[in-house]
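User: I am new to this structure and would like to learn how to read its features. May we begin with a pocket and then turn to the ligand and the domains?

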Amino acid sequence: MIIREALLWARRQLQASPTPHEDARLLLQHALEAGHTFLAAHSEQALTAEQEHLFRALVARARQLEPIPYITGEAPFCGLEFIVTPDVLIPRPETEQLVEGAIARAATHPTKSLVDVGTGSGCIAVVLARRLEQTDILATDVSAAALDVARRNALRHGVVDRVKFHQGKLLEALDAPVDLVVANLPYVSDSEWTALDDAVKWYEPVGALRGGPDGLDLIHRLLHQVRPLLRPNGAVFLEIGWRQGDAARQLARTLFPAARITVEPDYAGHDRMVIIDTSS
Ligand SMILES: C[S@@+](CC[C@H](N)C(=O)[O-])C[C@H]1O[C@@H](n2cnc3c(N)ncnc32)[C@H](O)[C@@H]1O
């Protein structure tokens with residue numbers, strides 16, 4: 001089988017995917033340990049028997065709905081490639097907006113320290129560490145296995161000395177006030193869980209997804225913990241589910257009555273982020 005035929009074959013195998021072309025390409029790149037341009041420039045080159053065997057096995061996994069990033073071991077986020085394993089959530093494009101929002105905020109408000117709560121793969125903390133060179137960054141997660149992946153990502157992207165990693169619940173590890181709290185915590189409600197894509201339910205870590213009956217359990221607990229730990233003129237940036245805008249705004253309003261609270265949409269126009277800004 002030559003590269004061009006391998007891609008055609010895989011696209012047919014992966015018809016059920018919304019992105020069969022891209023999936024086929026990423027799996028072939030992984031099997032050949034080659035880049036995009038190599039595939040394009042060598043489309044008539046034959047795969048070795050070993051490569052073809054591996055490629056067929058990878059395509060078979062994808063046909064079982066295993067997400068491509070778990071198969072290749074990598075996912076893009078904010079222009080960087082992150083190591084992912086089944087211990088961590090695959091970084092989502094919506095979360096890039098949370099990071100961009102936090103960076104924009106830090107550009108206009110002194111931000112000596114920040115915490116990324118529920119760091120998972122470390123994608124948020126790593127990008128923030130690269131962009132906010134003067135800010136002390138703490139990243140927490142309950143999962144030791146996730147923190148191990150996060151540390152590897154910090155090492156890969158040259159910020160392992162810039163981010164402190166702590167295993168613990170929410171802000172348990174925080175012993176000094178912070179200027180900025182950024183969190184993409186589990187927020188899938190019980191009713192959304194039943195309707196969630198099988199690929200997500202079967203393969204992504206349940207502890208990274210489910211947030212209690214209304215999805216807001218952890219966000220609620222976090223906001224309680226944040227109150228005494230947020231410096232004056234501080235802010236909290238939270239990712240939320242697209243149906244949680246009103247409930248999250250209400251919750252934030254109750255706990256931070258004097259703050260400016262905004263709910264921002266994602267690129268699809270759905271409520272996706274709550275910002276609590278205590279600056280005057
Ligand atoms: C939705 S994932 C987000 C991962 C990553 N920040 C991202 O945006 O891709 C939520 C993460 O929160 C962690 N988590 C769940 N409960 C937690 C808790 N009580 N305290 C700290 N982290 C928690 C999970 O282990 C998981 O890594």
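Analyst: Three strands, β3 (113-117), β4 (136-141) and β5 (163-167), each contribute at least two residues to the lining of the second largest pocket. Please keep in mind that this is a predicted model.

User: Which strand gives the most to the lining of the second largest pocket?

Analyst: That strand is β4, which supplies three residues.

User: How is such a pocket found, and what volume does the second largest pocket have?

Analyst: The general idea is that a probe the size of a water molecule, rolled over the atoms, reveals where empty space remains. In this structure, the second largest pocket has a volume of about 290 Å³. Its lining comprises 16 residues, and those nearest the centre of the pocket are Asp136, Leu138, Lys164, Leu174 and Asp175.

User: How many residues of that lining are nonpolar, polar and charged?

Analyst: The lining of the second largest pocket divides into eight nonpolar, two polar and six charged residues.

User: Turning to the ligand, which residues come nearest to it?

Analyst: There are 19 residues around the ligand, and Gly118, Asp141, Leu170, Asn184 and Ala208 come nearest. By class, this shell holds nine nonpolar, eight polar and two charged residues.

User: How should I read the polar contacts of the ligand?

Analyst: A polar contact is counted where two N or O atoms lie within 3.5 Å of each other. For Asp141, a polar side-chain atom is 2.6 Å from an oxygen atom of the ligand. For Asn184, an N or O atom of the side chain lies 2.8 Å from a ligand oxygen atom. Gly118 instead uses a backbone N or O atom, placed 2.8 Å from a nitrogen atom of the ligand.

User: What percentage of the ligand's accessible area does the protein cover?

Analyst: On its own, the ligand has 590 Å² of accessible area, and the protein covers 94% of that area.

User: Finally, where do the domains lie along the chain?

Analyst: The protein chain is divided into domain 1 (3-64) and domain 2 (86-277). The C-alpha centres of domain 1 and domain 2 are 35 Å apart.

Definitions and conventions. Residues are numbered from 1 along each chain as its sequence is written. This is a predicted model: local features need pLDDT of at least 70, side-chain atom pairs count only at pLDDT 80 or more; totals for chains, interfaces and linings use all residues. Side-chain values use heavy atoms; hydrogens and water are left out. A residue is near a molecule or strand if one of its heavy atoms lies within 4 Å of it. A polar contact is a pair of N or O atoms within 3.5 Å; within protein, one must be able to donate a hydrogen and the other to accept it, and residues adjacent in sequence count only if both atoms are side-chain atoms. Accessible areas come from the Shrake-Rupley method with a 1.4 Å probe; for residues, only the protein chains shown count as cover. Ala, Val, Leu, Ile, Met, Phe, Trp, Tyr, Cys and Pro count as nonpolar, Asp, Glu, Lys and Arg as charged, and the others, Gly among them, as polar. Domain bounds come from an automatic or database domain assignment. On a 1 Å grid over the protein atoms alone, a cavity is a set of points where a 1.4 Å probe fits but cannot get out, and a pocket is an open set with protein on both sides within 12 Å along at least five of seven lines; lining residues have an atom within 4 Å of a point. Grid points are joined across faces, edges and corners, and a volume is the space filled by probe spheres set on the points. Helices (H or I, at least four residues) and strands (E, at least two) are DSSP runs, numbered from the N terminus.
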